[in-house]
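Trainee: Could we go through this model together, beginning with how the elements are named?

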Amino acid sequence: MKHEKIVNKTTSYGLNVSGGNIDSLRVKDDLKTVIRVYDDGKIGIAGRIGEGDDKALFEDAKARLSQNITYPCDLTAGKTRKENCVKNIVPATEFVKTMKKLLARLNKEYPDFIFSNKINMEEYSSVYENSENTRYEYASNYIAVILVIQHKKSASIMDLAYGAVQNYYDEDKVVSDIGKLLAPFDKKAELDDTLPVIIGDNIIHYSLRHIIAELYMSGASLFNGKLSEKLFDEKVNIYLDRGPDNKECIPFFDSEGVVNDGDKFYFIKDGVFNGLLTYKRTAHNFNLPLSGGGYSDFDEVPVAAAVGTKLGTTSDSLKKLIQGKAIYIVEAGGGDMTPDGTLGIPVQLAYLYDNGELVGKLPEFSLNANIFDLLGKDLIGVAKNDVFGFMEDTVLAAKFKINKN
């Protein structure tokens, strides 16, 4: 009888922020252990929160084989790897003091605005081992500054937000970033619907469900029948990246102990539809390559999830990619994609971008684009967002249809 064990440990420090001040601190330790056993094409799963007896947990998992859940047993044999990516971000004993200093500075430098929401710091580790002598270990940490910002004269609950996740901390960069967001807030600019649009690369998430193996093999995917065909511009690369030194504490292995060559799996490579999002069940059922997309919520049966999926950059600088004016999307939510791939995205806040600077607030509008055109003939490129220093996100620049309100 083969088996595998996963132990996840998290220590988190969470600050609630209200009115520019710290309301409370929450410190939380989580330890979760799950054991899966495999026998005669079946899987049994048992989980535990906190410390306990692994032998008892193993027996519990064996007993759950009686649930007759079919699942392939394909355990990696004889592999070991350890990645410790923990950085010296902020000492836990200095966390509250350090963030109080940040908030005091924000309140002083931007007195017309109110800052709320949360600041979190977390250290995470995960260990995977199985009966085939494979053991993987991963540890990392991050800080997340997620602030909701309201103008003191505004009737809105929130006017904009600042969100940055990093594996280091730099107060000056945070304050500078927020200043760049706030400086154009009261400066009105005219909306030119002929300008290119700069938007977060998470716009590709609208299409990710269509690369899930189950959806594709059932014929319900937008990309149905197009595997191995060129879908987009050759500059487009969409891939699962589990490189260990990431900001999001994503282990190099998925929840089934799958590790990709080079820690990457390409769904779209140079514009070609290269592969589907799979985990062990779908890879086995449909005779497909494993993509390392296995995910399980504690002691549940694994499913597919596109954790760590990225849109590859075509330029190392937004300033190089877009020289001149553009429309910079700050807040956009509530959008959707139709079955033919047409995106509709309401924009709550956008700025006029001019040679690397945000210079004025635009009136509200909405965007339309077809995903094939957006990542095809209308694509300008994908770049590191060097408007900001601490919020190191990636943005896509393209032509959109702009609908003025």
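Mentor: Helices (H or I, at least four residues) and strands (E, at least two) are DSSP runs, numbered from the N terminus. This is a predicted model, so local features need pLDDT of at least 70 and side-chain atom pairs pLDDT 80 or more, while totals for chains, interfaces and linings use all residues. Residues are numbered from 1 along each chain as its sequence is written, and side-chain values use heavy atoms, leaving out hydrogens and water.

Trainee: Fine. Which element gives the most to the lining of the second largest pocket?

Mentor: That is β1, which contributes 5 residues to the lining of the second largest pocket. A pocket is an open set of points on a 1 Å grid over the protein atoms alone, with protein on both sides within 12 Å along at least five of seven lines, and a lining residue has an atom within 4 Å of a point.

Trainee: And which residues lie nearest its centre?

Mentor: Of the 13 residues that line the second largest pocket, S12, Y13, G14, R26 and N120 lie nearest its centre. The elements that supply two or more residues to this lining are β1 (2-18), β2 and β6 (113-130).

Trainee: Since β2 came up, how many bridges join β2 to β3?

Mentor: Strand β2 (residues 21-39) runs antiparallel to strand β3 (residues 42-49), and 8 bridges join the two, where pairing requires that DSSP finds at least two bridges between the strands. Within that ladder, K32 has I49 of β3 as its bridge partner.

Trainee: What about the hairpin itself, and which residue takes a positive phi there?

Mentor: The hairpin of β2 and β3 has 2 residues between the strands, and D40 adopts a positive phi near 55 degrees. On from there, β3 is also joined by 2 bridges to strand β4 (residues 69-70), again in the antiparallel sense, and K42 finds its bridge partner in T70 of β4.

Trainee: Changing topic, what is the order of the open sheet of 4 strands?

Mentor: The order is β12-β11-β10-β15, with antiparallel pairing, and the sheet is open. Because β12 (272-273) and β15 (309-311) stand at the edges with a single partner strand each, one side of each is left without a neighbour in the sheet.

Trainee: How do β10 and β11 pair?

Mentor: Strand β10 (residues 238-241) and strand β11 (residues 264-269) pair antiparallel over 4 bridges, and one of the bridge partners to look at is I268 in β11, which faces I238 in the ladder as its partner.

Trainee: Now the largest cavity: which residues line it?

Mentor: That bridged pair turns up again, since I238 and I268 line the largest cavity along with S207, L208, I211, F223 and F232. A cavity, on the grid described above, is a set of points where a 1.4 Å probe fits but cannot get out.

Trainee: Last one, on helices: which residues of α2 meet α3?

Mentor: In α2, K101, L102, R105, L106 and E109 are in contact (heavy atoms within 4.5 Å) with E171, D172, V174, V175 and I178 in α3.
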